Structure formats: structure tokens, C-alpha cells
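User: I'd like to understand the reasoning behind the labels people put on a structure. Could you walk me through this one?

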Amino acid sequence: MKNILRMSKAYAPTLKEDPSDAELASHRLLLRAGMMRKNAAGLYTFLPLGMRVLNKVEAIVNEEMDNAGAQRILMPFVQPADLWHESGRWDDYGPELARLTDRHGVEYCLGPTHEELITSVVRNELKSYKQLPVNLYQTQVKFRDEIRPRFGLMRGREFLMKDAYSFHATQESLQETYDDMSEAYGKICDRLGMVWRPVEADSGQIGGKVTCEFMALAEYGEAEIVHCECGYAADAEAGECICAPSMYERDAMEKISTPGVHTIEELASFLGISESACMKALSGKGADGKLYVLFVPGDHELNEIKINREVPGFELLTDEEMVEYGLFKGSMGPVGLPESATVIADRSLKDIPQWTVGANEDGYHLAGARLGEDFKVDGWADLCTVKPGDACPVCGKPLGGARGIEVSQVFQLGTKYSEAMGATFMDEDGTEKPFIMGCYGVGVSRSMAAVVEQRHDDAGIMWPASIAPAHICVVPLTVGDDLVQPAAEEIAGKLADQGFEVAIDDRNERAGVKFADADLIGWPLQVVVGKRGLADGKVELKLRSTGAKCDIALDDLERTFVPCAEALAAGAVDPFDILFE
């Protein structure tokens, strides 16, 4: 019988207890529901039910890529080191890049991304502006040797990803494709049933200056997001920070004994002032070998990404190095620093004439240190991680906060890779120019986990119909009889004929076991067939997302499901909701 998944034959080993190492709901439930199994830290096998979901996510992604004009290819997972040396990322990428050497002594890496490889392909094929733009994509396994893989598919080492790369002659052409891909990514999130936001982001190791992340909002998402009612949203690490520190005003700079005071919290409590009136200091060296001391308001955190923009290669001083420079942890300040030190402060402090800071002497702090008189600042920059309550950079209103899971990201790479790797084309004016590139990634397996994070309860998963392992599960309360099971088989067949993907739990198990597994696996709709209902000519429907139940007459079964079939064909994420309106 077409489209019928028989649970008596399915390899779907559900678990009653939560795995001990599973922290997030998605990790816990995907394991318990028999969707996947752990092989090693950050490495998972997808079982049949999980593959059905994963294949549907991939199909949605691929369809939207095709609709946006991208063309599908497949590149090797193992990449030659020579290409990464050309781009300069062999050393820059860091220990997450898994390197290996073959029997001939040739170096390779396991691909965490494919900018180098795709650039090496097109530089030998695309020679004229007349051939541009081109947008190529693949869906393929990636590997990043995470130092601490955790949260199941959310932070794994091996994962399935869709990555696309576009090549252009002009910035205007890149912008057009960037906008098209952004629109496609929004459609993907919608079709997966996600609650999501596009947010301002950092390009990280991929590179480029313009980028946007698509975040699935989730209580336990790994990323902090700030957002405003005007529509602005940003990853807290990448967003512009506009904060308002306060000031502890004194008649003159005053040296204060602060025994045992080493943190901003302790200093604010000791002086009876707010943390925003104290200045937090951090010292380190840049790639140039110079000493840098950085200052931010005490109620904010220094942002590592922003620091490295201002001071490339910034690394914190060790305790030994601090002693060598005459610096004291917990008592650093801008007054009396070594002459070799460059002072950079968050721009919010520029309008604070008096600072409360460390005295560069253990156990002492300074209050009322005057900017421009008692000390100077060599540079001003946005150094803080933005947080809820800071001002929106667009409209100035206080920002709200949320947490999210990055499921996809779009980048404008510019000429970073094409220039480094000599990938050029002949422009209309007859000159050789480097390709202007874009890059667009969707975490396919991560999206699967993100959906579970948003759509679950204590009993299990609540899949949207668009990616559920099957749309409907028919649950006969008894099997092997001449009434319930034949009726359930007939119902399953009629629903399959209407275009639904149908599972039937024909296992010889107690009703309670079947109900528990149905909720755990997350079939969008359950059709419960029992003797009592059949005696009245009815079956029971249960909507997984709400737990709502209703009875329908067997004679009305096919007619009742016609609008659901139409909604499903039209792309509805939750087509069975209309049965309970």
C-alpha cells in the first residue's frame, strides 16, 4: 500500500529515559524518538525516521535554491591543502580545521566550508563578464573539529550543510543575488515552520564585511539576540553597542584603598555606586607585539570580535607578563601605565570626564580621574557586547533581548578569495578583474534540531507537516483481530490515496505504549481506531501540536480530509489545524 510506513517493520528504536549527556530538548528528543544515535562526540548516525525528516529539510532547501536561480553541484569533502595556502586560511582557520596527510605525503583537510575549492573550479572556467553572474550550490557533509562538541546537532563536529557561492562582475549584481538568497532563506524558515529573525551578524572566519544571520528564536538558543520594535535585530556579539555609562563625580582625583577588591561588582559595592560608573580594564598584546590596555563601562563586557577588529591578533597578557609590565589584575587603570601602552576605550566613555578605575597598584583604585588631564586615550572604538536596554542604533529606543539558533547566513565576500587565488575574468572594458563573490550557507541538520527546539513539549516532538517523518499516524488499539486492524488498514489506505504520508502503528503493543511513542515521535496528526469508536461508526483525531481531540464519522473521513490535502498541497506547514477550528 503506497505511502504507508508500518511501525512493525520500521527501525525506530525509541527510548523511555533521557540520555544522560543530552542537555537540550532537541538532543534529548531526537535520540529518544529513534531519529539518530551517537557514535562519538559530535558524530551521529541518522536512523530511518531521522533520515525522512532530514531529506525533507534538504528538499525544501534545494527547491528554494533552484527557485532563486542557483545551480546544484557536488564538490569533494576532502580538500587539497594547497588551495587553503593560496587563500591564507590554512594557518588562520585554526585547530577546527582537521588536517591529514595521504600515503604520498600530500596534505589535505576535511572541508569545513568550500570557498577555496569553488574558487579554484571557476577560475579555470569563467573567463568573461558575459558568463556572469553564476550561483552554484551543494548540499554536503562538513567537518569542524570543535573543541567542545555539545548539544547534539546544534554543535556537532560533522554536519550536513547547504553552501552556495556566487560570482559577479559588479557590486550591483552581487547585491541582487544577495537579496534573492536572503529572500529564499526567509522562505526556507517559513516552510520549516520556524519563528525566526534576520539579524546583523559577524562574518567570522568566512570573511567579508556584509552579512546577515537567520536566527530561529529559542529559549535555549546558543546566541544572544537584541532587537527593537522598529525592526532592527542583531547578534549581541556583532551589533553596534550604544550604551550610557554613569559617572562618580569627585572634586579631584582621589586614591582610595580598596583591600580585597578585584572585580567591578566588588568595587561598585565598596564605593556604593553603580557598576556603569566603574571602568573595566583588559590588557594584552596585538599581532604587532605592542601592549594594549582596553577600557569599557563596568556593566558591559569587552567583545572579543570587536577587539580583534581594532587590534588584530589580540591576546590577553599572562599573569607573568602582567607582572613584567607592572600591571595588577583587578587594579588596572589608565593613570601611570607604561609609556609603551596604547590605550583604547569604548566610545561611550568619551563623554565621561571623570573615571573610576584601578590605580595600577594592588589594593587601590582611583575615583575622579580626569580624561585629558590625569590620563589620555589613544583611540576610541565600539568595544562592548550589546545587551538589552542599550539604545537601538536605528531609532534610539531601548533594545529587547532574546536567544536564537543560527540556521543560515548570507555573506558578501567581495574579492577576498578571488584576489588571493588569482580568479579573474575579462570585464567589458577589456581589463582583467577579480570576481566579486557571495557565499550563502544553510545548516540542514542544525535546522532539524532548531525546529525541535521550537516545537516540543514534555511528551516529545511536534513536527510541522512539511518535514514530519509522516503526516498522519493511524493507531489501531488492537491488532490481529477481525475488526479494529482491518478498519485501521482501510483508513490508512484511504488517507494515503488522498496524498498524505501515512504511518500505521501495527505493533502488538499496549495502547499506552503506542500513544507515548506517537507523541514522542511527533506525528502531526493521530487517527485512533478502537472497538468502542467503531461501534458508533467513529474514529478519534488528535492534533499533536495542541493535544486537541475530536471524533469524526467514518463515512465523512475522506470528505473531512479534503481541505487538509488542499492545504498541504498549497504548502501549509500545519494543514490539520483546520480540523479543530
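User: Happy to dive in. Which elements do the buried residues of α1 pack against?

Analyst: Keep in mind that this is a predicted model. The buried residues of α1 pack against the strands β2 (36-40), β3 (43-46), β26 (456-457) and β27 (460-461), and against the helices α11 (444-454) and α13 (511-521).

User: What makes helix α1 count as mostly covered?

Analyst: A residue is called buried when its relative accessible area is under 20%. In α1 (residues 25-32), eight of the eight residues are buried, so by that cut-off the helix earns the label. The buried residues include Arg28 and Arg32 as well as Leu29, Leu30 and Leu31. Just after α1, Gly34 has a positive phi of about 70 degrees.

User: Why is the group that holds Leu30 called a nonpolar core?

Analyst: The name asks for buried residues of certain kinds, Leu, Met, Tyr and Trp among them, joined through side-chain atoms within 4.5 Å. The largest such core has 64 residues, and Leu30, Met35, Met65, Tyr185, Trp463 and Trp523 touch the most other members. Leu30 is a buried Leu of α1 and belongs to this core, so the label fits. A second, separate core has 29 residues, including Leu534, Leu543, Leu557 and Leu568.

User: Which residues is Met65 in contact with, leaving aside neighbours within four places in sequence?

Analyst: Contact means heavy atoms within 4.5 Å. By that test Met65 is in contact with Ala70, Tyr137, Lys162, Met181, Ala184, Tyr185 and Ile188.

User: What makes β17 and β21 edge strands?

Analyst: The open sheet runs β17-β15-β16-β18-β21, with mixed pairing. Both β17 (315-316) and β21 (379-381) pair on one side only, and these are the edge strands.

User: How do you know that β15 and β17 are paired?

Analyst: Pairing needs at least two bridges. Two bridges join β15 (residues 279-285) to β17, so the requirement is met. These two strands run antiparallel, and Lys285 stands opposite Glu315 in β17. In general, strands of a sheet pair through backbone hydrogen bonds.

User: And what share of the whole chain is buried?

Analyst: Buried residues make up 53% of the 581 residues. The chain has 15 helices and 32 strands, and its C-alpha trace spans about 95 × 65 × 50 Å along the principal axes. Of the contacts with a separation of 6 or more, 70% are between residues 24 or more positions apart.

Key
Residues numbered from 1 in each chain as written. Predicted model: local features only at pLDDT ≥ 70, side-chain atom pairs only at ≥ 80, totals over all residues. Heavy atoms only, no water. Buried < 20%, exposed > 50% of the residue type's maximum accessible area, 1.4 Å probe, protein only. Helix = DSSP H or I, 4+ residues; strand = E, 2+ residues; numbered from the N terminus.
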